[in-house]
Amino acid sequence: MNIATILLASMGMLANQTGPTQDRIELIRGVGEIAAPQASPGVLSVSGKAFVFATGTQSKGRVPIFAAVPVERGRAVAASHERFFSEIALKNGGNGRLLGNILSWLGRKPVGSLRVGLMGYDSMAPALRAAGISVSPVTVETLQGVLGSLDVICATMPALEQSRGAQVALMRFVKSGHGLFLASAGWGWSVQHPNQNLLADHPGNQMLFPYGICFTQDTANQTYLLQTDDSTLFNTDGALEALKSKSLSVVDRTTAVFTVERALSFLPPEAPGLPSQIDAGAATDPGGGIPSVDNPITPDKPFSRLKAWLDYRRILSVPVKMLKAHPSAQFFPGSVPASAARVTRSLVIDTSISDWHSTGFYAAPGELIQIQIPEEATKAGLRVRIGPHFDRLWQLDSWPRFPDISLIRSLPYEENQAASPFGGTIYIEVPPQCHLGKVSVGFKNVVPAAWYVKGQTTAAQWKQMINGTSAPWVELQGDLVILSVPLSSAKTIVDPAPLMNYWDQVLKECYAFYATPRRTRQERYCTDVEISAGYMHSGYPIMTHMDVADTMCSLPKLLSKGKSWGFYHEVGHNFQASPWTWSGTGEVTNNLFSLYASERMNRITPHTYGEAHPAMDPQKCKDRLKKYLASGAHFEDWCKDPFLALTMFAQLRQAFGWDPFTRLFAEYQEMPVTQWPADDTAKRDAFLVRFSKLVQHDLGPFFQAWGIPTSPAARGAVLGLPAWMPSDWPVK
């Protein structure tokens, strides 16, 4: 069936009755699958009398991509991308039928008798003419003269954005009983108009937002579904009422929250109506919409979740002088007594060292601080950070603290101001390749925080500052490591020197093992009540949960067996390198350091690896390997089990020691990155060949026994060496 036949088949009989249900049925009648070739559709927000009749998908669920709305005596339809009806897309039967339905619904006529004007939508013309539709090209200049002879106008944004008068004329045309089809990807328009406001300046929003349709910044995935039921969860008003009922399923509640959240994303946070309803709804939730460890915000508190999102937008939109303390700050990261001293101090920052510089100061929640920098530093890209807890929790189900509490502001002036509703430890961020040298930075209205600096702070000074500070967070700075911990944990430390010697030694071992040049900045560890992923995660800082804060501050615990694996694991991630980390070893080559450091720092041997981590108990390793070999030694199974894979590397360590690993890492450090192996096969081959030559044994049979794929060329390159297998192979 050609496109003309498909279009002519659209809505041959028009319904006598109208309403959202019947209108939706007419719009999707006979439509199969739809597509948007070479396009990334946007997302619509719908409210009032507008209704959705097709959706796309996102990680959170389905999202509107086609919507319709009555406009006084006329009708309008919006699509979230022009290419749903491009010449290529219209070759798809579903797209052609959908277009015919839309035009017929808009014009209240069978397709064959429609008169359609195209503004910037030339791609539609051949198909429409082939279906017998009267097609007229329309421009801003000819619009007024042709409106009286048309039933429907189809327009794209470029054809409209240069003329507000054309937009007004089109809306009069619609209100008088005619039809309007608009297509636009809101995100794409924003990219092309970086200095304009999507809600206020987008022509489609100027025209249809008053009637309940908005083109938003979001994007939809390319899985499109027709809306076959009367769900109102895609309509902001309907979603809000459904949330108030508190009887939604988990899936429907997620959809409803996402719908309201989308509407909040473009509404001014101080707007009346929806924001005030969100605040009122959150006030009735347990905890009153304020997240805490004892009363976290969870999915069954949808209004609290929406309020957090709304509060975040309020924070971003308020001038710094007007920021107030957020109620959740008292729970985390903590409050500062009003009686605590606020001081004016300065310190020297060495800008040859990039990233965060600790200051020993704390910003009280909601209080304005001032930062002074020299004139020559105003264009250097320096920034102030308030709070080390930089993980954002929006994607998590449970929020035991506000989802985003670390604030960053640039320092473009000699006199700068900053504030955070949550407060936090103050840092100066230095960009890479900064050549200012040492600069003096001044601070006003800041709270002195306990800040131990190894080699500078004495035990007596530490005792004095830890007992005298009112700041709830503490910094412990060694030569190679900095810890951010709560005051309650830091108070257990009598003298931080031995503790920081331990942490520095961990990094010394890491640098030595991975044969990596020392970085100019220290590595950082920071504890938090919740982090963005996992129990701990690597990065700058390495983030971990509060339950290990006391361990981080206790040298006896750190030196005991089995307490430090996670710390070694995450810093190992920070030093992993691509040439010797192939698919399946992302959680393995970092753990080489976990084993190495456990030996060096915790008096653990290969025979007692189970004391470092239970999964590496020698008997468990043997049982795991025996099962793997019995099942056929499939590489895909090896890749799925990090401790199985680590067992293979542990066998190499037991036979040859750690030195070949370090020598291998050093070889890669010394060669240009352009010479590193380019893909997984090359990485496995290179490891086999290089390690075999370092230990002067042919490891080809060992790799094959483990099921690790390598090329004949790689195995052939080491055939002249004596073959090696573990002494206890085969495993019994």
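The paragraphs below lead through a predicted model, going from a sheet to a helix, then to single residues and charged pairs.

We begin with the sheet. Six strands make up an open sheet, and read across it their order is β19-β20-β21-β22-β24-β23, with mixed pairing. Because β19 (451-453) and β23 (536-537) stand at the edges and each has a single partner strand, one side of each is left without a neighbour in the sheet. Strands of a sheet pair through backbone hydrogen bonds, and they may do so in a parallel or an antiparallel way. In this sheet, strand β22, which covers residues 523-528, and strand β24, which covers residues 542-545, run parallel and are joined by four bridges. To find a place where the two strands meet, look for Thr-527, whose bridge partner in β24 is Thr-544.

From the sheet we turn to a helix. Helix α24 is made of twelve residues, 659-670, and the distance from its first C-alpha to its last is 16 Å, close to the 16 Å expected at 1.5 Å a residue. In an α-helix there are 3.6 residues a turn, so residues three or four places apart point the same way. With that in mind, the reader can trace the buried residues of α24, which are Pro-660, Phe-661, Thr-662, Leu-664, Phe-665, Ala-666 and Tyr-668. What do these buried residues of α24 pack against? Their partners are four helices, namely α16 (496-513), α20, α23 (642-656) and α25 (680-695).

One of those partners, α20, is also the helix in which Asn-591 is found. Asn-591 has a relative accessibility of 3%, and it therefore counts as buried, the cut-off being under 20%. The side chain of Asn-591 makes a polar contact of 2.7 Å with the side chain of Ser-594. When neighbours within four places in sequence are left aside, Asn-591 is in contact with Trp-565, His-569 and Leu-646.

The loop between α19 (565-575) and α20 (591-602) holds Thr-589. Is Thr-589 buried or exposed? Thr-589 is buried, since its relative accessible area is 1%. Two side-chain polar contacts can be followed from this residue: one of 2.8 Å joins Thr-589 to Gln-576, and one of 2.9 Å joins Thr-589 to Thr-581. Gln-576 and Thr-581 also appear among the residues that Thr-589 touches, together with Tyr-514 and Trp-580, if residues up to four places away in sequence are not counted.

A further loop residue, Ile-290, lies between α12 (274-283) and α13 (302-317). Ile-290 has a relative accessible area of 16% and is buried, because that value falls under the 20% cut-off. Not counting residues up to four places away in sequence, Ile-290 touches Asn-295, Pro-327, Ser-328 and Phe-331. The chain also brings together residues that are separated along the sequence, for Ile-290 and Phe-402 are 112 residues apart in sequence, while their C-alpha atoms are 7.9 Å apart in space.

The last part of the walk concerns charged side chains. How many salt bridges does a search of the whole structure find? The search finds 27. In one of them, the side chains of Arg-29 and Glu-26 meet with an N to O distance of 3.1 Å. The two residues differ in their surroundings, since Arg-29 is partly exposed at a relative accessible area of 34%, whereas Glu-26 is buried at 3%.

Another salt bridge, with an N to O distance of 2.6 Å, joins the side chains of Arg-385 and Glu-429. This pair links distant parts of the chain, as Arg-385 belongs to strand β14 (residues 383-386) and Glu-429 to strand β17 (residues 424-430), 44 residues apart. Both Arg-385 and Glu-429 are buried.

Lys-561 and Glu-611 form a salt bridge as well, with an N to O distance of 3.9 Å between their side chains. Here too distant parts of the chain are linked, since Lys-561 sits in the loop between α18 (555-559) and α19, and Glu-611 in the loop between α20 and α21 (618-630), 50 residues apart. Lys-561 counts as partly exposed at 36% relative accessibility, and Glu-611 is likewise partly exposed at 36%. Finally, salt bridges can also form a network, as they do in linking Asp-279, Lys-307, Asp-311 and Arg-314.

Notes
Residues numbered from 1 in each chain as written. Predicted model: local features only at pLDDT ≥ 70, side-chain atom pairs only at ≥ 80, totals over all residues. Heavy atoms only, no water. Pairing = 2+ DSSP bridges. Buried < 20%, exposed > 50% of the residue type's maximum accessible area, 1.4 Å probe, protein only. Contact = heavy atoms within 4.5 Å. Polar contact = N/O pair within 3.5 Å; in protein donor to acceptor, adjacent residues only side chain to side chain. Expected span 1.5 Å × (residues − 1). Salt bridge = Lys/Arg side-chain N within 4 Å of Asp/Glu carboxyl O.
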